[in-house]
Amino acid sequence: MSLDVDRPSTDASADGAPAPEATPAPTQDHLAHNYHPLPVVLASGEGAWVQDTDGREYLDLLSGYSALNFGHRHPHLVAAAHAQLDRLTLTSRAFDHDLLAPFATRLALLLEPLLAAPDGVLVLPMNTGAEAVETAVKTARKWGYEVKGVPEGQASIVVAADNFHGRTTTIVSFSSDDDARRSFGPFAPGFRVVPYGDAEALAAAVDATTVAVLIEPVQGEAGVIVPPEGYLAAVRAVCDEHDVLFIADEIQSGLGRTGATLACERAGVKPDLVTLGKALGGGVVPVSAVVGRRDVLAVLTPGTHGSTFGGNPLSCAVALAVVDLLETGEHQARARELGEHLEERLAAMVEEGLLVRYRVAGLWAGVDVDPSRGTGREVSERLLQRRVLVKDTHGQTVRIAPPLVISLEDLDWALDQLADALR
Ligand SMILES: *Cc1c(COP(=O)(O)O)cnc(C)c1O
């Protein structure tokens, strides 16, 4: 028997039983309170635009925290998903399927030139970003014990303050955000937190027990923090000197957002391992991966790590279509071009006194609002009234991350709205 709870029949059912009571209008009453969304209920989307349940249109300048780099329902990605839905969706890793090796190969070929991997790379598919980070942490520790020779139980990983790497108990253990940590202890040991952008502090935290440095090449959740020039190269040098793995968390910064396939690429720096997520699933399905040095990922052997859904056929079909889009370089170029324009517009807003400052990396910006003009949340709510979707972070900051497929006209219109909302 199937029960359609969304559209209850008001008629008595065929067997003469009493009519079911009308389903109450849906409310937020049963939803856990771990988010504080802006007051809008979305129902459809295409490209850079979404519609709410009343048919009002909004321009999306958040892009699902860069999970929607290619916009809503990109035709190539949706077609790949549709085709795969009609064929095979899940096997588990107990069995191979015909898209798993193509996915690994195509992603490896895309990233190999950007990684410090003279012997080639391996790809380990997972689902969410946090899982990719956990995978990288486990891989680095196992490599540390079995290859580097760190005494069992003593591996340390150096991370940066104000990081965001996900929400698992291990990952929040090395967060410096009080909301992310409070009441979730006891915390996992083995992490050393140093200031972001300070290569000397990072070098000082590295010792013989250190297996990895884990950083975001641009800190996304912290407010699009771009490190000082030369920082990533200095991190690379410290890692080389001490036989430490450089793990770049590119879950938000990677796959086109900064105008390059990887944000590290912009700095001319090659990490040993990279974590990917968000845009890898094209805004269609959750797909994440760790990609990096063959000799390092090879420490994982059957039974040591895994995921029921990781690398499933539907995910591989969509991620392969994402690789198609990235291979042309077209979206990366667009992020660079539109990003330059975005920067000019933001500079003019600072000049006019509307913004205190901004940071920009490709088509990605964090703008700090003068408190006299409202909080980041207030500005986000004013922009919602003006049909532009953004999200605040850390009080005074608003993050701008339009889909890379946005038109110049739409971007300009949204920035006009931002300026007006600040005036
Ligand atoms: C979003 C994000 C994560 C976590 O990804 P989830 O899919 O939400 O688990 C990890 N690292 C960075 C840099 C992120 O932006």
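A helix here is a DSSP run of H or I at least four residues long, with numbering from the N terminus. Keep that in mind as we walk through this predicted model, starting with one arginine and then stepping back to the whole protein.

Find helix α12, which covers residues 330–351, and you'll find R345 sitting in it. Who does R345 touch once you set aside its neighbours within four places in sequence? The answer is D412, L415 and D416. With D412 there's something extra to look at: the side chains of R345 and D412 are joined by a polar contact of 2.6 Å.

Now zoom out. Helix α12 belongs to a protein with 14 helices and 15 strands. The radius of gyration comes to 23 Å, close to the 22 Å that the globule rule gives for 423 residues, so the protein is as compact as a globular protein of that length. If you'd rather picture a box, the C-alpha atoms fill one of roughly 75 × 60 × 45 Å along the principal axes.

What about contacts across the chain? Take the contacts with a separation of 6 or more: 71% of them are between residues 24 or more positions apart. The R345 and D412 pair gives you a worked case of two side chains brought together in a polar contact.

As for inside and outside, buried residues make up 51% of the 423. The protein exposes about 19500 Å², and carbon and sulfur atoms supply 53% of that area.

Last, the charges. There are 34 positive and 57 negative ones, and the mean positions of the two sets lie 2 Å apart.

Notes:
Residues numbered from 1 in each chain as written. Predicted model: local features only at pLDDT ≥ 70, side-chain atom pairs only at ≥ 80, totals over all residues. Heavy atoms only, no water. Helix = DSSP H or I, 4+ residues; strand = E, 2+ residues; numbered from the N terminus. Rg over C-alpha atoms; globule rule 2.2 N^0.38 Å. Buried < 20%, exposed > 50% of the residue type's maximum accessible area, 1.4 Å probe, protein only. Contact = heavy atoms within 4.5 Å. Areas by Shrake-Rupley, 256 points an atom, 1.4 Å probe, with all protein chains shown as cover. Lys, Arg positive; Asp, Glu negative; His and termini not counted. Charge placed at Lys NZ, Arg CZ, Asp CG, Glu CD. Polar contact = N/O pair within 3.5 Å; in protein donor to acceptor, adjacent residues only side chain to side chain.
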